Amino acid sequence: MNITIDALTSNIQLALAPVFLLTAVATLVGAISTRLARTVDRMRFVQNALYGSQALSDKLRMHYEIELREFKMRGRLCTVAIFFNVLSGVLISLTVLELFFFQTGSVALLQTGYVVATFVLGLISFMTSLLIVLAEVVYAYRSASWDMPPS
């Protein structure tokens, strides 16, 4: 087998490019999971304050009820972002597998359109996840308790 250095370099680049995207996907899943965990922790605190035995002022009770609705929305946004991010990871992984099979010549029936489709869909899914994360961050900022009433 006579392989030139240019062909070898090209194959390595072809195989590594999607792997860098997978690293970004994994990092984003971790970041979103952290945001979701913080939201859930705060929601539990607010629920304990609302439904616990301590007496709350009407203003604070109303504030906590609004905050619970906001946490529910933020949790949904995080969950949807994680879904699209994981979908992106699966599609990019499929792209890597397809490229591997093409390079080895294992699957002659596979068309190049599949590689393009899975890669493009993976990128679209990743961008969708990023946009949802942006929406969640903006929503979190806007719903922050800047003027929380005293208990």
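So, the largest cavity: I32, R35, L77, C78, A81, I132, V133 and E136 line it. This is a predicted model, by the way, so keep that in mind as we go round. The volume of this cavity comes out at about 40 Å³, and a search of the whole structure turns up 1 cavity of 30 Å³ or more. Who contributes to the lining? Helices α1 (5-51), α2 and α3 (112-142) each put in at least two residues. By character, the lining residues split into 6 nonpolar, no polar and 2 charged.

Let's stay with E136, one of the lining residues. What does E136 pair with? It forms a salt bridge with R35, and the closest N and O atoms are 2.6 Å apart. E136 sits in helix α3 and R35 in helix α1, so this pair ties together parts that are 101 residues apart in sequence. Now, buried or exposed for E136? Buried, with a relative accessible area of 1%. R35, on the other hand, is partly exposed at 27%.

E136 has another partner as well: its side chain meets that of R74 in a salt bridge, 2.7 Å from N to O. Here the link runs from E136 in helix α3 to R74 in helix α2, 62 residues apart. Both E136 and R74 are buried. Put those pairs together and you have R35, R74 and E136 linked in a network of salt bridges.

How many salt bridges does a search of the whole structure find? It finds 3. Besides the ones with E136, there's R42 with E67, whose side chains meet at 3.1 Å, N to O. That pair also links distant parts of the chain, with R42 in helix α1 and E67 in helix α2, 25 residues apart. E67 is buried, with a relative accessible area of 5%, while R42 is partly exposed at 27%.

Okay, over to the surface. Which residues make the nonpolar patch? V86, V90, L94, L97, F100 and F101 do, and the patch covers about 510 Å². Take L94, which lies in helix α2 (residues 58-104). Its relative accessibility is 37%, so L94 counts as partly exposed. F101 is in helix α2 too, and at 30% relative accessibility F101 also counts as partly exposed.

One more thing on L94: its C-alpha atom is separated by 9.2 Å from that of G122, and the two residues are 28 apart along the chain.

Terms used: Residues are numbered from 1 along each chain as its sequence is written. This is a predicted model: local features need pLDDT of at least 70, side-chain atom pairs count only at pLDDT 80 or more; totals for chains, interfaces and linings use all residues. Side-chain values use heavy atoms; hydrogens and water are left out. Helices (H or I, at least four residues) and strands (E, at least two) are DSSP runs, numbered from the N terminus. Buried means under 20% relative accessible area, exposed over 50%, partly exposed in between (1.4 Å probe, protein chains only). On a 1 Å grid over the protein atoms alone, a cavity is a set of points where a 1.4 Å probe fits but cannot get out, and a pocket is an open set with protein on both sides within 12 Å along at least five of seven lines; lining residues have an atom within 4 Å of a point. Grid points are joined across faces, edges and corners, and a volume is the space filled by probe spheres set on the points. Ala, Val, Leu, Ile, Met, Phe, Trp, Tyr, Cys and Pro count as nonpolar, Asp, Glu, Lys and Arg as charged, and the others, Gly among them, as polar. Patches are made of residues with over 30% relative accessible area and no salt bridge: like charges are joined within 9 Å, nonpolar side chains (Val, Leu, Ile, Met, Phe, Trp, Tyr) within 5 Å. Accessible areas come from the Shrake-Rupley method with a 1.4 Å probe; for residues, only the protein chains shown count as cover. A salt bridge is a side-chain nitrogen of Lys or Arg within 4 Å of a carboxyl oxygen of Asp or Glu.
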